[in-house]
Amino acid sequence: MQLRNTPTGYGLVAIAFHWVMAVLMIGLFAVGKYMTGLDPMAPETFAIYQWHKSFGFLVLALAVARLAWRVANPAPRLPAALPAWQRWAAHLGHAGLYAVLIALPVTGWLMVSASPWGIPTVVFDVLPIPHLPVGEAFGTKAETEKVFMALHEYAGFLLLALFVAHVAAALKHHFLDRDDVLARMLSPRPARAPDADADTDAASSLRASGD
Ligand code: HEM
Ligand code: HEM
C-alpha cells in the first residue's frame, strides 16, 4: 500500500486527508450559510449550531495533522511543461487553502469565545473545549463577537473563491492539459509509477553506452 507521497504522486494518507476534508469544508460552508437564516430561538437551530461547531473542531484537528504529514511528505512534482506563473498560482492557491483550513475554525472558536451568550462547546457531546481568553478585545463582548463573526464570514468568502479557482484548475489539467494532476489526487497509483526523471536518466545512459 502506497502511504507516502513520491515525486510522481500522492500517497493514500494525503489523498484521504484531501477528500475527507474537502467534503467537511463544503458541508460546513453550506450548513453555515443555511443555519444563519434559521429562527435563532428554535431548538433545532441550536442543535445545528452545535454540529457545525463540532465538525469545525474536527477540521481544525485534521488540519494540524495534515500539515504535519505535509511537512514530512513533499508534494509530487508538477508537470514539467507547466509555465512558471501556473506553478506560482498552484503554490499560492494551495497555501491559501491550507490557510482557510486553519482560519475558519479559529475565527469560529474566537467568535463563540467572545459571545455574550457564553454557550459551551462540547465536541460531539464528549470533548469540552474551553473558550479562548478574548475578553472584550474590541469594545463590549457583543462588539468583539461581531468582529470575529465578520472575519469568519470573510474567511468563508476566501474559501469559496479559492475553491472555485481550485476546481477550475483541476478540470483544466484533466480535460485541457490532459496530464495526471487530477488522477494522482484520486488514486495513489501514479505515486508508484517509475520516476519520470530517473527513467529518462536510465534511458539516456543506455543510449550513451550504445545499448
Ligand atoms: C472549519 C470549517 C468551518 C467552515 C467552512 C465554516 C463556515 C461557516 C459559514 C460559511 C458561516 C456563515 C457565515 C455568514 O454568512 O454569516 C458560518 C457561520 C458560523 N460558524 Fe462556522 N465554519 C467553520 C467552523 C466553525 C467553528 C469551529 C465554529 C465554532 C467553534 C463555527 C461557528 C460558527 C457560528 C457560531 C456561525 C454563525 C454566525 C452567525 O450567527 O452569523 N464555525 N460558518
Ligand atoms: C474545499 C475543498 C477543498 C480543499 C480545502 C482542497 C485543498 C487542497 C490542498 C491544500 C491541496 C494541496 C495539497 C498538497 O500538495 O499539499 C489540494 C490539492 C489538490 N486538489 Fe484540492 N481541495 C478541495 C477540493 C478539491 C476538489 C473538489 C477537487 C477536484 C475537482 C480538488 C482537486 C485537487 C487536486 C487535483 C490537487 C492536486 C494538485 C497537485 O497535484 O498539485 N480539490 N487541494
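## Two iron sites in a predicted model

Colleague: Which protein atoms are the donors of the iron atom of ligand 1?

Modeller: This is a predicted model. In it, the protein donors of that iron atom are the NE2 atoms of H52 and H152, lying 2.0 Å from it.

Colleague: What geometry do the six donor atoms around the iron atom of ligand 1 make?

Modeller: The arrangement is octahedral, because the six donor atoms subtend angles of 86 to 179° at the iron.

Colleague: And where in the chain do H52 and H152 lie?

Modeller: H52 lies in helix α2 and H152 in helix α4, so the pair ties together parts that are 100 residues apart in sequence.

Colleague: Are H52 and H152 buried or exposed?

Modeller: Both H52 and H152 are buried.

Colleague: Which residues come nearest to ligand 1?

Modeller: There are 22 residues around ligand 1, and the nearest are K33, Y49, H52, K53 and H152. The two iron donors, H52 and H152, are thus listed there too.

Colleague: What about the side-chain distance from K33 to an oxygen atom of ligand 1, how many Å is that?

Modeller: An N or O atom in the K33 side chain is 2.7 Å from an oxygen atom of ligand 1. The histidines have pairs with ligand nitrogen: a side-chain N or O atom of H52 is 2.8 Å from a nitrogen atom of ligand 1, and a polar side-chain atom of H152 also lies 2.8 Å from a nitrogen atom of that ligand.

Colleague: Which elements give two or more residues to the shell around ligand 1?

Modeller: Those elements are α1, α2, α3 and α4. By class, the ligand 1 shell has 13 nonpolar, six polar and three charged residues.

Colleague: Now the other one. Which residues coordinate the iron atom of ligand 2?

Modeller: H18 and H166, each through NE2, coordinate the iron atom of ligand 2 at 1.9 to 2.0 Å. The site is octahedral, with angles of 85 to 180° among its six donor atoms.

Colleague: How many residues apart are H18 and H166?

Modeller: They are 148 residues apart, so to speak of a link between distant parts of the chain is fair. H18 is in helix α1, residues 12–35, while H166 is in helix α4, residues 141–177.

Colleague: Is H18 buried or exposed?

Modeller: H18 is buried, with a relative accessible area of 13%. H166 is partly exposed, with a relative accessible area of 28%. The cut-off for buried is under 20%.

Colleague: Which residues come nearest to ligand 2?

Modeller: Of the 19 residues around ligand 2, the nearest are Y10, H18, R70, Y98 and H166.

Colleague: And the side chains of Y10 and Y98, what are their distances to an oxygen atom of ligand 2?

Modeller: For Y10, a side-chain N or O atom is 2.6 Å from an oxygen atom of ligand 2. For Y98 the corresponding distance is 2.5 Å. R184 also has a polar side-chain atom 2.9 Å from an oxygen atom of ligand 2.

Colleague: Which elements give two or more residues to the shell around ligand 2?

Modeller: They are α1, α2 (43–72), α3 (84–114), α4 and α5 (183–186). The largest share, four residues, comes from α1. The shell around ligand 2 divides into 13 nonpolar, three polar and three charged residues.

Colleague: Leaving the ligands. How many salt bridges does the structure hold?

Modeller: The structure holds one. D177 forms a salt bridge with K172, and their closest N and O atoms are 2.6 Å apart.

Colleague: Why can side chains of opposite charge pair?

Modeller: They can pair when their charged atoms come close.

Colleague: What are the relative accessible areas of D177 and K172?

Modeller: D177 has 34% and is partly exposed. K172 counts as partly exposed as well, at 23%.

Colleague: Last topic, backbone. What is phi of F124?

Modeller: Phi of F124 is near 45°, a positive value in a residue other than glycine. D125 has a positive phi too, near 60°.

Colleague: Where does F124 lie?

Modeller: F124 lies in the loop between β1 (121–123) and β2 (127–129), and D125 is found in the loop between β1 and β2 as well. F124 is partly exposed, with a relative accessible area of 33%, whereas D125 is exposed at 71%.

Technical notes
Residues numbered from 1 in each chain as written. Chains lettered and ligands numbered in written order. Predicted model: local features only at pLDDT ≥ 70, side-chain atom pairs only at ≥ 80, totals over all residues. Heavy atoms only, no water. Donors = N, O, S within 2.8 Å, 3.2 Å for Na, K, Ca; no water. Tetrahedral: all angles 85-135°; square planar, octahedral: opposite > 155°, others 65-115°. Buried < 20%, exposed > 50% of the residue type's maximum accessible area, 1.4 Å probe, protein only. Near = heavy atom within 4 Å. Polar contact = N/O pair within 3.5 Å; in protein donor to acceptor, adjacent residues only side chain to side chain. Nonpolar A, V, L, I, M, F, W, Y, C, P; charged D, E, K, R; others polar. Salt bridge = Lys/Arg side-chain N within 4 Å of Asp/Glu carboxyl O.
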